[in-house]
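Could you walk me through this structure in my viewer? I would like to know what to select at each stop and what I will find there.

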Amino acid sequence: MDALVLSRVQFAFTVGFHILWPAFTIGIASFVALLSFLTWRTGDPTYRALMRFWIRIFALGFGMGVITGIVLGYQIGTNWSGFSRSVSNVLGPFFMYEVLSAFFLEAGFIGIVLFGEKRVGPGLHFFACLMVATGTLISASWILASNSWMQTPAGYTVDKDGIFHVSDWAAAFFNPSYPYRLMHMICASYLTGSFVVAGVSAYHLWRGTHVKASRVAFSMAMWACLVLAPLQAVLGDAHGRNTLVHQPTKVAAMEGLWSTGRAVPSLIFAWPDMSEERNLYEIAVPIKGFASLYLTHSWDGEVQGLKAVPASDRPYAPFVFFAFRIMVGIALLLIALAFTGAFLRWRGRLFTTRWFQFACMAATPLGFVAIVAGWTVTETGRQPFVVYGHLRTADAVTVQPVGAVLSSLILFFVVYNLLLLAFFWYSARIAMRGPDPLADETPNAVRPGLEQAGPALVGAPAYARALAPGE
């Protein structure tokens, strides 16, 4: 493993770790803002308890995002000096505007969100929550514009030294893949946050604790999932069609397609063999032209294969192929859960079906897995280029001793996993403790079947009242 491979592994690990936290905070920040608005307009203590509870969890994720995001800027300078030299005229301003317009906005109001509720009043507190939520969206827009420009560069010129210069700022920002990537990522973040809320709420419903507040949060989350999960499928389809136009080689790797053709079959499983230029162990959907249908919206649509470009210009197909299937498989599962929740709501059993509560708890991390899988498709699918079609990854890396990169990679791995364990420890304690007890609800209620547990019997009436029909 040379410095190039190790630098790629190191950046993949650190940015893959970092992307989890913006994805989490985008969704939870908007949920907190909604709860703050409902608290302000209704004065309902249930919304207030939920708001304070989710602010605590949001704060942990926000802190993790700040810590792991700062590292990336330094890493670009130390490990990717060729990249910095070539694209700094384009991406440097994008990153600067992200800090000025988004990070400062979040930093300016995060203190009021965390500590100012009782000092500024519910109206101003809602405004602060709204500004933080808006800041997360603005930050995502700048970062995704930067990434999209690397995928589908536009509005630029390149001088004789290989330095990129902006010729049209609007074209560079609103490059061909930016709208699709932005909507796809924002929807993924909201969907991930919704299933986190659903999973934590389902845990308390399953245990019979904080039932009243958990019913409210679970209902809100499942309504959001019912809208967001099918919407994500539609946005993913639009994003895929855009990728087929601008990055057909990436789509070929996603589908494991070697030869250009029409009526392309859809592969459920295969192992793309890069040396033999063919697939091993193929299992295909037994419907002719199924891949052409969802890629081109035509049974006979033409799809370009990997062999259409030289071997040196192809991504490592197995990474792209399997990551794409993980992402799509999780998306289908989340859609199924969302529709199952709608069916149970219609039957009046949304809050009492225990196997569904357990399924929602199990689905809590799936959104994060899907986001990392989608990021893997996006980033490995454009290889061997860091700026698609122009700047190769091998020309972007810093030439440095292998030992230096390896030692820093090991250090990142150790420190980041310690941070992750700390996050799990503190967030799990907060999540399991639940919202602040409401005045009309026993905080230590237990689920049905455990009434024989002695003193815990006092919680049973509150649980029964909370699940009473029509309440």
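Our tour starts at the largest cavity, which has a volume of about 40 Å³. Keep in mind as you look that this is a predicted model. To see the walls of the largest cavity, select L50, F53, W54, V200, S201, H204, S214, A217 and P435. Now colour α2 (45-79), α6 (178-207) and α7 (211-246): these are the elements that give two or more residues to that lining. Colour the lining by class, and you will find six nonpolar residues, three polar and no charged.

How many cavities of 30 Å³ or more does a search of the whole structure find? The search finds two, so let's visit the other one. The second largest cavity has a volume of about 30 Å³. Select A29, V32, F58, V113, C129, V132 and A133 to show its lining. The elements giving two or more residues here are α1 (3-42) and α4 (117-151), and α4 supplies the largest share, three residues. Which classes do you meet in this lining? The residues divide into seven nonpolar, no polar and no charged.

Next comes a pocket. The second largest pocket holds about 620 Å³ of space. Its lining is made of 21 residues; select V196, T364, F423, F424 and S427 to find those nearest the pocket's centre. Which element gives the most to the lining of this pocket? That is α14, with seven residues. To follow the walls further, show α1, α2, α6 and α14 (402-433), each of which supplies at least two lining residues. By class, the lining of this pocket has 18 nonpolar residues, three polar and no charged.

Now turn to the packed side chains. The largest nonpolar core has 70 residues, and L35, W54, F218, L334 and F356 are those with the most contacts inside it. Zoom in on W54, which you have already met in the lining of the largest cavity. Leaving aside neighbours within four places in sequence, W54 is in contact with I28, F31, V32, L35, V196, V197 and V200. Some of these names come from earlier stops: V200 lines the largest cavity, V32 lines the second largest cavity, and V196 is one of the residues nearest the centre of the second largest pocket.

For the last stop, select I76, A140, Y178 and W375. They are among the 33 residues of a second, separate core.

How values were computed: Residues are numbered from 1 along each chain as its sequence is written. This is a predicted model: local features need pLDDT of at least 70, side-chain atom pairs count only at pLDDT 80 or more; totals for chains, interfaces and linings use all residues. Side-chain values use heavy atoms; hydrogens and water are left out. On a 1 Å grid over the protein atoms alone, a cavity is a set of points where a 1.4 Å probe fits but cannot get out, and a pocket is an open set with protein on both sides within 12 Å along at least five of seven lines; lining residues have an atom within 4 Å of a point. Grid points are joined across faces, edges and corners, and a volume is the space filled by probe spheres set on the points. Helices (H or I, at least four residues) and strands (E, at least two) are DSSP runs, numbered from the N terminus. Ala, Val, Leu, Ile, Met, Phe, Trp, Tyr, Cys and Pro count as nonpolar, Asp, Glu, Lys and Arg as charged, and the others, Gly among them, as polar. A nonpolar core is a set of buried Ala, Val, Leu, Ile, Met, Phe, Trp, Tyr and Cys residues joined through side-chain atoms within 4.5 Å. Buried means under 20% relative accessible area, exposed over 50%, partly exposed in between (1.4 Å probe, protein chains only). Contact means heavy atoms within 4.5 Å.
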